[in-house]
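Trainee: I'd like a close look at just one part here: the open space in the fold and the residues around it. Please take me through it slowly.

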Amino acid sequence: MESNNYEMKNQVVHTEFVDTGYGKNYVKLLQLRREGDAHHIQELEVSVELTLNNQREYLYGDNTDIIATDSQKNTVYILARKFGVKTPEQFALLLCNHFLTKYSHVDKAKVYIEQAPWKRMEIDGDKHVHAFLISDEATRFCDCVQARGGKPLVSAGLKKMKILKTTQSAFTGFVKDEFRTLPDANDRLFCTVVDSKWWYNTVDHVNFDKVWDTVKQVILETFAGPAHEGVFSPSVQNTLFITEKHVLAGVPQIEKMEMELPNVHYFGVDFTRFPKINFENNTNEIYMPTDKPSGNIRAAIERKHMSKL
């Protein structure tokens, strides 16, 4: 990084650049692919950031090497048109490679992509050939970072996936001191909003769609358990760790995984405050959802490579 000496009031302040980057955020595109009567769509939101091998524009206002952010936006549309979008990860790799290949003064390219969760409508039990419905089940995203002369580093993930189970969750035996008011809970509602990210150890011959679907399914199955019996969770922490272990065991292309699980609370309404109302023979359970404040649990694990003697 270039350095600069800045003189102010007869004092010289020595500085140097730690990091720079500029780009275009939130470039939206919809790809429509027609195969006869069957139509296929992908909607992406793409953000690009480039780091150049100099800082002339910052130091001297010299814009000679700047690739305008508008040009970066145009590049997203042109490459989507020329090569198509197979997966968000593949398209991010394509964009990074383009900027490094096209412009010799680009030192690093970063691309972040979110995919809109469209799915086919079902009409009378059949999937529609050209009509779609947005689904808020989960948002898919990916990151790709590539430095000149280096390999691309790809991560992917899902976020905003809200899940809940009504039993087989407990939280007991935690610290007892003068600050504690929360009682042990042997059976409670367990609700969270999953935010998960994983890092690939390779990008060669990876079926990114299959991996994303697999990770999502592992998260759901570990949380819920078998359909007719469920699975017990002694804590959010334990469920989180078991999930990450299952993912790494089942997907060898994933090197590291991180999850963040806020504990979304549902508190039972206290009906003892209404002594004049008769609730006998009533099995309805009423809870009050509260999203703030919430507990937050986070952990990342990675493969431990044993050294060879």
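Mentor: Helices and strands here are DSSP runs (H or I over at least four residues for a helix, E over at least two for a strand), numbered from the N terminus. This is a predicted model, so local features need pLDDT of at least 70 and side-chain atom pairs count only at pLDDT 80 or more, while totals for chains, interfaces and linings use all residues. Residues are numbered from 1 along each chain as its sequence is written, and side-chain values use heavy atoms, leaving out hydrogens and water.

Let's start with Arg-188, which sits in the loop between β9 (153–165) and β10 (190–200). Arg-188 counts as buried because its relative accessibility is 17% (buried is under 20%, exposed is over 50%, partly exposed is in between, with a 1.4 Å probe and protein chains only). Who are its neighbours? Skipping residues up to four places away in sequence, Arg-188 touches Lys-165, Thr-166, Thr-167, Ser-169, Ala-170, Phe-171, Val-236 and Asn-263 (contact is heavy atoms within 4.5 Å).

Now for the space itself. The second largest pocket has a volume of about 500 Å³. A pocket is an open set of points on a 1 Å grid over the protein atoms alone, where a 1.4 Å probe fits, with protein on both sides within 12 Å along at least five of seven lines; lining residues have an atom within 4 Å of a point. Points are joined across faces, edges and corners, and the volume is the space filled by probe spheres on them.

This second largest pocket is lined by 20 residues, and Arg-188 is among the closest to its centre, along with Leu-182, Ala-185, His-265 and Phe-267. Helix α5 (236–250) and the strands β11 (254–268) and β12 (287–302) each give two or more residues to that lining. β11 supplies the largest share, six residues. Sorted by class, the lining of the second largest pocket has 11 nonpolar, six polar and three charged residues (nonpolar means Ala, Val, Leu, Ile, Met, Phe, Trp, Tyr, Cys and Pro; charged means Asp, Glu, Lys and Arg; the others, Gly among them, are polar).

Next, look at what the record says. UniProt, in an unreviewed entry, puts "binding site" at Thr-69, Asp-70, Phe-171, Arg-188, Val-236, Gln-237 and Asn-263. These positions cover 195 residues of sequence and are spread in space too, up to 52.1 Å between C-alpha atoms. Which of them line the second largest pocket? That lining takes in Phe-171, Arg-188, Val-236, Gln-237 and Asn-263. As for Asp-70, you'll find it in helix α2 (residues 69–83), and at 37% relative accessibility Asp-70 counts as partly exposed.

The unreviewed entry also gives "active site" at Lys-24, Thr-69 and His-265. Those three do not all gather at one spot, because they span 242 residues in sequence and the farthest two C-alpha atoms are 43.0 Å apart. From this set, the lining of the second largest pocket takes in His-265. Bear in mind that UniProt positions use the numbering here, feature names are shortened, and annotations may be inferred rather than shown by experiment.

His-265 belongs to strand β11, and it is partly exposed, with a relative accessible area of 23%. Beyond four places in sequence, His-265 is in contact with Met-288, Pro-289, Thr-290, Pro-293, Ser-294 and Gly-295. Thr-69 belongs to helix α2. Thr-69 is also partly exposed, at 25%, and apart from neighbours within four places it contacts Tyr-22, Gly-23 and Lys-24.

Now step back to the whole chain. It is divided into domain 1 (19–151) and domain 2 (160–308), with bounds from an automatic or database domain assignment. The domain centres are 32 Å apart, taken over C-alpha atoms. Their contact takes 12 residues from domain 1 and 10 residues from domain 2.

That brings us to the largest pocket, with about 870 Å³ of space. Among its 29 lining residues, Ile-41, Gln-115, Pro-117, Trp-118 and Lys-119 are closest to the centre. Where does this pocket lie? Both domain 1 and domain 2 give residues to the lining, so the largest pocket lies between them. At least two lining residues come from each of β3 (22–35), β4 (38–52), β6 (118–123), β7 (126–134) and α4 (208–224). The largest share, five residues, is from β4. By class, the lining of the largest pocket has 10 nonpolar, seven polar and 12 charged residues.
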